[in-house]
Amino acid sequence: MTRSTVSFLGGVREIGGNKIVIEDGDERILFDFGPSFSPAFEQFYVDFLQPRTASPIKDLLEFDLIPRVEGLYSEAALSGADLAYRAPEFHGIFLTHAHADHAGYLQYLDPEIPVYVGKGTRALLDAISQSTGQKYGEHDWRLFEDRTPVRIGGIEVVPHPVDHSIPFAYGYIVRTSEGSIAYTGDFRQHGPRAADTHAFFEAVEAEKVDAIAIEGTRAGNDPRMNFSEDGVRREVDRVLGSTHDIALACTYPRDVDRLLTLHAAARAAGRELLVSSRTAFLLNSMAPLFPAGAVPIPGKSAGLAVYARKKRMTYLWERPFLDAALPAEEVRRTGSRYLLALDFYHFPEMIDLRPPSNSPFIHSMSEPFSEDDVSDEVMHRWLDHFGLTFLQAHASGHASGPELMSLLDRVRAGTVFPIHTENPEAFRAHSGRVVPPELRERYPIGGSAGVSR
Ligand SMILES: [Zn+2]
Ligand SMILES: [Zn+2]
């Protein structure tokens, strides 16, 4: 019987939701555990229609939106579900990074199962749970060091930092008694930590892995425009150099690299970057984890200030950042001094800001996946209403299809499992053995056998 297997409980023919199980005899560990961005979820739960906090697993199992696995969930999360509580049958879970589609369901796991993360990921999860509605639950946290093996029974896991659109992202090399497998997590090689991605793939190549589970978000045909992070900087420089009005930008909330790019561009143009109190809180939490001066600190660093959104109630965590925050009236008067990072959900601020027509709006996020993206239509309606000039400038968090193929050619893994993609067939362009995984099927890690029965 095969001792060492890998199976996929999520991230199969969908973007996000990776849940990878690696077993070696009695040892069983898990990699990532979050909801996918698949339409399946939104067929039943959308906007404020969400699983009940009193019976989350029951409400997700009803529509097959979370794996039916024993010895994994906490007793509290299982409340009311037709899945019995069993003592943990997993010996650890490793997270690749703090994006919701990889960590969002952590809150439902049995708190007895150790959670292995890097120090930075832990700090990010803390910052997110303190300043948003996303919670991760109580856990037996175990912090690992970069490139230092962690042993769990007979399994050895080596965490390698990689470049992604959130800091402190990891790929793993996992050694079992019958072979080794690499798991890339989400990665790119066109951001500020590209060298980390290169070093990871060098290690994977040197390991001569039997298998690799690789993300394929951008595998196949992706007609959307993609910049490098440096390319985004040049584009923002160009925009700021050609306007004397306020400039607006919209980014992902945890894309620290993008915030640094916007901050550097604003400073170079003699402007200040204005951020929300939540972004200020994030930067303040992240700064100690980076080399001194690398991440600007609200209230201390030049070229950074907080925008005071109109609201009736404030949270404790944001109060330290609100004292010196600038209200709409002041920003409106002296708009040319600022690059304002404004979330989509905070667009009503424009009603007070009244940006002069033709002021630039830099959309520094992914272009929509489909033509009928509702929020994209709404965004453009707002921009048209205020006569703003739309510009797209984004560096994706993911490697392109051709990059994925050339990396696979280099590492020459025995078997390639494409995950985190709607297009696993695109990996057939790779000359090696490609196995688009089936949900819950167990695949041997060593050798070249097919499905383990
Ligand atoms: Zn992801
Ligand atoms: Zn990600």
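1. In this predicted model, the four donor atoms around the zinc ion (ligand 1) subtend angles of 87 to 164 degrees, and the arrangement is therefore irregular. For a tetrahedral assignment all angles would have to lie between 85 and 135 degrees, and the upper end of the range given here, 164 degrees, belongs to an arrangement classed as irregular.

2. The protein donors of this zinc ion (ligand 1) are Asp101 (OD), His102 (NE2), Asp186 (OD) and His420 (NE2), which lie 2.1 to 2.2 Å from the metal. Along the chain, the donors of the zinc ion (ligand 1) follow the spacing D-H-x83-D-x233-H.

3. Asp186 also serves as a bridge between the zinc ion (ligand 1) and the zinc ion (ligand 2), the two ions lying 3.5 Å apart. Because Asp186 sits in the loop between strand E10 (179-183) and helix H5 (194-207), while His420 sits in the loop between strand E19 (415-419) and strand E20 (433-434), the pair ties together parts that are 234 residues apart in sequence.

4. As to solvent exposure, Asp186 is buried, with a relative accessible area of 2%, and His420 likewise counts as buried, at 1% relative accessibility.

5. Turning to the helices, the axes of helix H6 (residues 229-241) and helix H7 (residues 256-268) come within 9 Å and cross at roughly 35 degrees, with H6 passing H7 in a right-handed crossing. On the H6 side the contact includes Glu229, Val232, Arg233 and Leu240, and on the H7 side it includes Asp257, Arg258, Thr261 and Leu262; the residues of the contact of H6 with H7 divide into eight nonpolar, one polar and five charged.

Definitions and conventions
Residues are numbered from 1 along each chain as its sequence is written. Chains are lettered from A and ligands numbered from 1 in the order in which they are written. This is a predicted model: local features need pLDDT of at least 70, side-chain atom pairs count only at pLDDT 80 or more; totals for chains, interfaces and linings use all residues. Side-chain values use heavy atoms; hydrogens and water are left out. Donors are N, O and S atoms within 2.8 Å of the metal (3.2 Å for Na, K and Ca); water is not among the atoms, so sites may look incomplete. Four donors count as tetrahedral if all angles lie between 85 and 135 degrees; four count as square planar and six as octahedral if opposite donors are over 155 degrees apart and all others between 65 and 115; anything else is irregular. Helices (H or I, at least four residues) and strands (E, at least two) are DSSP runs, numbered from the N terminus. Buried means under 20% relative accessible area, exposed over 50%, partly exposed in between (1.4 Å probe, protein chains only). Axes are lines fitted to C-alpha atoms, for helices over the stretch in contact, and angles run from 0 to 180 degrees between N-to-C directions. A crossing is left-handed if the near helix is turned anticlockwise from the far one by less than a right angle, and right-handed if clockwise. Contact means heavy atoms within 4.5 Å. Ala, Val, Leu, Ile, Met, Phe, Trp, Tyr, Cys and Pro count as nonpolar, Asp, Glu, Lys and Arg as charged, and the others, Gly among them, as polar.
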